[in-house]
Amino acid sequence: MSIQGQLTAFTMMGATWVLWTLVVLSVIVVAVVLDRLVFFLLTRDKESLRRQLTTLVAQRQTGKLARLLAGQRGHRARVLTAALDAPTPDAARERIETELDRTRAQSAKRLSILATIGSNAPFIGLLGTVIGIIRSFHLLDSSNGQVTTALMSEVGEALVATALGMLVAIPALIAFNVFQRLARARLDAMQTLARDLVTAHDWPTSGR
């Protein structure tokens, strides 16, 4: 069979598999969004804690800061604890960068899935549309130009494929941008506060 014949046979299979592929992708998007929402909610610091941390760092009250950080699980608290436990300012900076890199990796986890689906779902939907249009032309030819119910069904399926592709892509890209900006803002705030702590901390003379 020629390449043209193989392509024709492929298109005559219909676009139903494309629609189901988009449905599966939409389920994946929902699962990733829920996973990231849970992650950001569980790792956030309360607003009152953030204010206390900022105040104690500004006032150089590292003793109270250490007691406040005890038992805290948020990323901000983890970075500050790593800096306080360091013996020297240089060691503190290294630990801060290590914790920031770890937080950055955890925050970006699975976001590439959203970006990939958001970028490719419209093209998958467009493929379904092309397949549906080709099948519509075949039906139109076999019916001698008469508009039949089967023809309208093929046209409708083709349009649904494009619409479904957009419906999958748009939320995925929105979620990707929101989570990415949220992660960047959190990391910037953590980095600024940790650097202020290194400057404010009363390091032992022997460690300087």
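**Exercise 1. At what angle do helix α4 and helix α5 pack, and how far apart are their axes?**

The structure is a predicted model, in which local features need pLDDT of at least 70 and side-chain atom pairs count only at pLDDT 80 or more, while totals for chains, interfaces and linings use all residues. Residues are numbered from 1 along each chain as its sequence is written, and side-chain values use heavy atoms, with hydrogens and water left out.

*Step 1.* Locate the elements. Helix α4 covers residues 62-69 and helix α5 covers residues 75-84. Helices (H or I, at least four residues) and strands (E, at least two) are DSSP runs, numbered from the N terminus.

*Step 2.* Read the geometry. The two helices pack at an angle of about 130 degrees, and their axes are 10 Å apart. Axes are lines fitted to C-alpha atoms, for helices over the stretch in contact, and angles run from 0 to 180 degrees between N-to-C directions.

*Step 3.* Classify the angle. This packing makes α4 oblique to α5. The classes are roughly parallel (under 35 degrees), roughly antiparallel (over 145), roughly perpendicular (65 to 115) and oblique (the rest).

*Step 4.* Assign the hand. The crossing of α4 and α5 is left-handed. A crossing is left-handed if the near helix is turned anticlockwise from the far one by less than a right angle, and right-handed if clockwise.

*Step 5.* List the residues that meet. From α4 these are Thr62, Leu65, Ala66 and Leu69; from α5 they are Ala77, Leu80, Thr81 and Leu84. By class, this contact has 6 nonpolar, 2 polar and no charged residues. Contact means heavy atoms within 4.5 Å. Ala, Val, Leu, Ile, Met, Phe, Trp, Tyr, Cys and Pro count as nonpolar, Asp, Glu, Lys and Arg as charged, and the others, Gly among them, as polar.

**Exercise 2. Describe how α5 crosses α6, and state how many residues of α5 are buried.**

*Step 1.* The axes of α5 and α6 come within 8 Å and cross at roughly 160 degrees. The two helices are therefore roughly antiparallel to each other, and their crossing is right-handed.

*Step 2.* On the α5 side, His75, Arg78, Val79, Ala82 and Ala83 take part; on the α6 side, the partners are Ala92, Arg95, Ile96, Glu99, Leu100, Arg102, Thr103 and Gln106. By class, the contact of α5 with α6 comprises 6 nonpolar, 3 polar and 4 charged residues.

*Step 3.* Consider Glu99, which lies in helix α6 (residues 89-108). Glu99 has a relative accessible area of 11% and is therefore buried. Buried means under 20% relative accessible area, exposed over 50%, partly exposed in between (1.4 Å probe, protein chains only). Leaving aside neighbours within four places in sequence, Glu99 is in contact with Arg78, Val79 and Ala82.

*Step 4.* In α5, 8 of the 10 residues are buried, so the helix is largely enclosed by the rest of the structure. The buried residues are His75, Arg76, Ala77, Val79, Leu80, Ala82, Ala83 and Leu84.

**Exercise 3. Identify the aromatic pairs of the structure and classify each one.**

*Step 1.* A search of the whole structure finds 2 aromatic pairs. Rings of Phe, Tyr and Trp (its six-membered ring) pair if their centres lie within 6.5 Å; planes under 30 degrees apart count as stacked, over 60 as edge-to-face and the rest as tilted.

*Step 2.* The rings of Phe39 and Phe40 have centres 5.2 Å apart and planes at 80 degrees, so this pair is edge-to-face.

*Step 3.* The rings of Phe40 and Phe179 have centres 5.6 Å apart and planes at 5 degrees, so this pair is stacked. Phe40 lies in helix α2 (residues 16-42) and Phe179 in helix α8 (residues 149-200), so the pair ties together parts that are 139 residues apart in sequence.

*Step 4.* Ring pairs thus link Phe39, Phe40 and Phe179 into a cluster. Relative accessibility is 14% for Phe39, which counts as buried. Phe40 is buried at 4%, and Phe179 is buried at 5%.

**Exercise 4. Which residues does Arg186 touch, and is Arg186 buried or exposed?**

*Step 1.* Arg186 is found in helix α8.

*Step 2.* With a relative accessibility of 11%, Arg186 counts as buried.

*Step 3.* Not counting residues up to four places away in sequence, Arg186 touches Phe40, Thr43, Arg44 and His75.
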